[in-house]
Amino acid sequence: MKKLIFNQVGKPENVLSIEETTIPQPQAGDVLVRVKASPINPSDVAFVEGGYGIRPQLPSGAGFEGAGIIEAVGEGVNLPLGAKVSFTSIGAWSEYVTVPAKSLMLLPDTMPLEIGAQVFVNPITAWAMLYESGLRKDDYLLLTAGGSTFAQLVVQMAAKKGVKTICTVRRNDQIQQLRELGAWEVINTEEVNLAKKVRELTEKKGVNYCFDAVGGEIASQAIQCLAYKGTLLVYGMLSLKEMQVHNGLMIFKNLSVRGFWLTTWLQEASKEVRKEATNDIISMLNQGELKVKVDKTYELDQFKEALLHAQGEGRTGKILLKI
Ligand SMILES: NC(=O)c1ccc[n+]([C@@H]2O[C@H](COP(=O)([O-])OP(=O)(O)OC[C@H]3O[C@@H](n4cnc5c(N)ncnc54)[C@H](OP(=O)(O)O)[C@@H]3O)[C@@H](O)[C@H]2O)c1
């Protein structure tokens, strides 16, 4: 079978290569999945570059999530062969993976595997951050990198709760698309002063929360947009730049700045809450109430082209590896 691996950290298009190896056998409690699709997420790139919260054990596989078909099961596993599943595993960019049966999500037969492959990283994070924020109807939520898959998911989930989302983008062609998904307002930060516009839109109150994935100048401006006792929840650093926090603003507006990482949330959340999250997401995705977009799909052999596309600007959806 073919599998993408790397022996040293670096730009993924430079350090990844295809390895021919034998198909693994599932151990007791494990399942062998024939992988059909896997997205290229920013965390996959950061992992290969050595800049993620989990360090690779070299040589390492790459890719964190995907979807496929159960090909074989280990002792003690009672799952049907041929069932569609979504999984997380270091090394998803591979023709086969073995994963613990208890970590799999069974997908409805009607769900396309291109959607099933994206069930985990972004939708669960979006659900969890909204859940933890406690935001309610008519609260304001600022989303930086509004065109991202994650932000689009939050926009759709927040709209169902009546939360008013204000998205930042850097390209006008994303504005209409975000409005159609339910964004309350969209601001192009290349053209408009963010803090001034947010003050106007919220009648000088400011936003209750900001979910920030950009860092740097945009995050520094986002802090100025927070209402009294507002929170900036940091979950990404797409600009690779640190933000500046004004101490006076923090003190006199009683602001909070916190981080969020799905990995620790999953370890700390109760079994019931995790179950509620996965059931909600699979049901909403399957019924088309929640949409995820695919910009382009590449074969595993075309991984270099796929990775360069995924890291470029101005995509209209995820880049998937079809395996
Ligand atoms: N903490 C967690 O547990 C967790 C979990 C899931 C995701 N995340 C994070 O969520 C973020 C979004 O992930 P995703 O999969 O949704 O991404 P995605 O679909 O690949 O989209 C990335 C978006 O970010 C925008 N962008 C990239 N660099 C930017 C910059 N310097 N300034 C402003 N915008 C920029 C792009 O804008 P253009 O369209 O203009 O190119 C694009 O819309 C990532 O940082 C990821 O690591 C974190």
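Here is a walk through this structure, from the ligand site to the core and then a small sheet. It is a predicted model, where local features need pLDDT of at least 70, side-chain atom pairs count only at pLDDT 80 or more, and totals for chains, interfaces and linings use all residues. Residues are numbered from 1 along each chain as its sequence is written.

Start at the ligand. The shell around it holds 26 residues, with G147, S148, F150, G236 and L262 coming nearest (near means a C-beta atom, placed from the backbone, within 6 Å). Helix 2 (42–49), helix 4 (121–133) and helix 5 (149–161) each give two or more residues to this shell, and helix 4 has the largest share, with 3. Helices here are DSSP runs of H or I, at least four residues, and strands are runs of E, at least two, numbered from the N terminus. Domain 1 (2–118 + 292–322) and domain 2 (122–264) both supply shell residues, so the ligand lies between them; the bounds come from an automatic or database domain assignment.

What about the core? V154 is in contact with A126, L130, L143, T165 and F211, leaving aside neighbours within four places in sequence (contact means C-beta atoms, placed from the backbone, within 7 Å).

Now for the sheet. Three strands form an open, antiparallel sheet in the order 2-1-4, with strand 2 (16–20) and strand 4 (60–61) at the edges, each pairing on one side only. Strands pair if DSSP finds at least two bridges between them; strand 1 (residues 2–6) and strand 2 share 5. Along that pairing, F6 stands opposite L16 in strand 2.

Notes. Contact = placed C-beta atoms within 7 Å.
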